[in-house]
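The exercises below ask the reader to work through a protein structure step by step. Each task is followed by its solution.

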Amino acid sequence: MPKADQGCYLPVAGVLTATPQWHKRSTVHAKGKAGKGDVGGSDTGKWPRKCARVVSICRPAGHFLAWGGDRGQLLVWAGGASYCGAMPRALITGVTGQDGSYLATLLLEKGYEVHGLIRRASSFNTQRLDAIYRDPHESGVRFFMHYGDLSDSGSLVNLVRGLEPDEIYHLGAQSHVKVSFEIPEYTSDVTGMGTVRILEAIRASGVQTRFYQASSSEMFGLSVPPQDEATPFHPRSPYGVAKVFAHWMTINYRESYGLFASNGILFNHESPRRGETFVSRKITRAVARIKAGIQDTIYLGNLDSKRDWGYAPEYVEAMWLMLQHDTPEDFVIASGEAHSVREFALRAFEHAGLDFERHVKIDPSYYRPAEVDHLRGDPSKAFRVLGWKPRTRFDELIELMVDADIKLLDDELSGRLVSQDRDH
């Protein structure tokens, strides 16, 4: 019969039911009063990883919490009594970005304490976090931001050692492919060496954690589609090269030091939170402005490039699933379909009732020095091993982005949009 770790507090008598992602164990009954003790009942799968830290977090009766990590013995509480137990802790780099903000929201919904790394700026750059931000002076706050930089190894070591996170999601990078040609040295340092600095922080601190590295479909470059985990890399930009370096360093630390380190090779994933300079958001934002009569023309580059487009909130779910898997592995996350930039723009204009040919012009300066013509992922492994599948189709993605940008512009023009001020 498995025993609870001496640092773990078990719930009062009740029933714990595992989520499908967690080892597929049978129902486990907790016996005795709240506190330390044995766990009775049957267990057909692997018992949760060692619980080593307890924080005073209590939930009322009937609430559900899914967790089974290094410091969290809780699964899904389906009992009638209240309980207290350990809360999982996650650290996210790039938390102010599209993926970071969606991931932070997801983890908070799953009962995590979430910490995000942010860079110091003279203006507020945390708008994507408005929905989850709470004043740290309030009680019960579970989302915190910390100043740091991927070029500063000292701050990363101190943060990892101080927080002792159960999971680290490394999403931060200089991630604009076209810009990487203009600042290749900076891109290599932050996107490539930034990953090494975090891996070294984990190794040097001795913190037992699970690490997710945000790899990219840009690593494949000229490789023939469909691309999967075994497809050779042939990057065509400084960004892609830096990501290949970071990808292989993650594998090296996994094989050399036994770190639980997984790579997620994500293909294009978009949302209304996508940065305005990325082509998908540039298009949908321009559609909203043209429809409102504020703008007349949008200038684009290579319309014939084909990409595998997905919806970002669904892709961060895959990140989480990778770190819940029993073993560290690498996964391609994609829709399995490819559509050109021209097709994306055409459908965006059509959805708003606008003439694509009238408003779209080509600017050769937007072409990359080395183009990537066709990326289409094969996510079969993620389907099979993680049980992950995309739910939002290409047309739905475009429509929701166009609608969101039309509403955003309307809110801005009407004065309904007010940003939150905060210390960070």
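**Exercise 1. Classify aspartate 189 as buried, partly exposed or exposed, and do likewise for its salt-bridge partner.**

Solution. In this predicted model, aspartate 189 has a relative accessibility of 25%. Buried requires a value under 20% and exposed a value over 50%, with partly exposed in between, so aspartate 189 counts as partly exposed. Next, the partner must be found: the side chain of aspartate 189 meets that of arginine 197 in a salt bridge, at 2.6 Å from N to O. Arginine 197 has a relative accessible area of 17% and is therefore buried.

**Exercise 2. Where do arginine 203 and glutamate 200 lie, and how exposed is each?**

Solution. Both residues belong to helix α4, which covers residues 184-205. They are three residues apart, about one turn of the helix. Their side chains form a salt bridge of 2.7 Å, N to O. Arginine 203 has a relative accessibility of 36% and so counts as partly exposed. Glutamate 200, at 27%, also counts as partly exposed.

**Exercise 3. Which parts of the chain does the salt bridge between glutamate 218 and arginine 368 link?**

Solution. The two side chains meet at 3.3 Å, N to O. Glutamate 218 is in the loop between β11 (210-216) and α5 (238-257), while arginine 368 is in the loop between β19 (360-362) and α10 (380-386). The pair thus joins distant parts of the chain, 150 residues apart. Glutamate 218 has a relative accessibility of 6%, so glutamate 218 counts as buried. In the whole structure, a search finds 19 salt bridges. Some residues are linked in a network of such bridges, namely Lys407, Asp410, Asp411 and Arg416.

**Exercise 4. Compare the expected span of helix α11 with the distance between its end C-alpha atoms.**

Solution. Helix α11 runs over residues 394-414 and has 21 residues. The expected span is 1.5 Å times one less than the number of residues, which gives 30 Å for this helix. The end C-alpha atoms are 31 Å apart, in agreement with that value. After the helix comes glycine 415, with a positive phi near 85°.

The next step is to ask which of its residues are buried. These are Phe394, Leu397, Ile398, Met401, Val402, Asp405, Leu409 and Asp411. The elements that cover them include the helices α6 (279-291) and α8 (341-351), as well as the strands β13 (269-270), β16 (310-311) and β18 (339-340).

**Exercise 5. Describe the surroundings of glutamine 174.**

Solution. Glutamine 174 is placed in the loop between β10 (167-170) and α3 (177-182). With a relative accessible area of 10%, glutamine 174 is buried. Its side chain has a polar atom 3.0 Å from the backbone nitrogen of histidine 176. A polar contact, also of 3.0 Å, joins the side chains of glutamine 174 and threonine 187. Leaving aside residues up to four places away in sequence, the residues touched by glutamine 174 include Val179, Ser180, Tyr186 and Tyr239.

**Exercise 6. How many residues does the largest nonpolar core have, and which helix gives the most to it?**

Solution. The largest nonpolar core has 37 residues. Helix α7 (residues 312-324) gives the most to this core, with nine residues. Among the residues with the most contacts inside the core are Ile92, Leu103, Phe143 and Tyr212. Phenylalanine 143 touches residues including Val95, Ala104, Leu108 and Tyr133, not counting those up to four places away in sequence. Another core, of 23 residues, lies apart from the largest one; among its members are Phe344, Ala348, Phe349 and Met401. In soluble globular proteins, nonpolar side chains tend to be buried together.

**Exercise 7. Is phenylalanine 331 buried or exposed, and what does it touch?**

Solution. Phenylalanine 331 is found in strand β17 (residues 331-333). Its relative accessible area is 0%, so phenylalanine 331 is buried. Its contacts, not counting residues up to four places away in sequence, include Glu229, Asn263, Met322, His325 and Leu386. The C-alpha atom of phenylalanine 331 is 9.5 Å from that of serine 215, although the two residues are 116 residues apart along the chain.

Terms used
Residues numbered from 1 in each chain as written. Predicted model: local features only at pLDDT ≥ 70, side-chain atom pairs only at ≥ 80, totals over all residues. Heavy atoms only, no water. Helix = DSSP H or I, 4+ residues; strand = E, 2+ residues; numbered from the N terminus. Buried < 20%, exposed > 50% of the residue type's maximum accessible area, 1.4 Å probe, protein only. Contact = heavy atoms within 4.5 Å. Salt bridge = Lys/Arg side-chain N within 4 Å of Asp/Glu carboxyl O. Polar contact = N/O pair within 3.5 Å; in protein donor to acceptor, adjacent residues only side chain to side chain. Core = buried A, V, L, I, M, F, W, Y, C linked by side-chain atoms within 4.5 Å.
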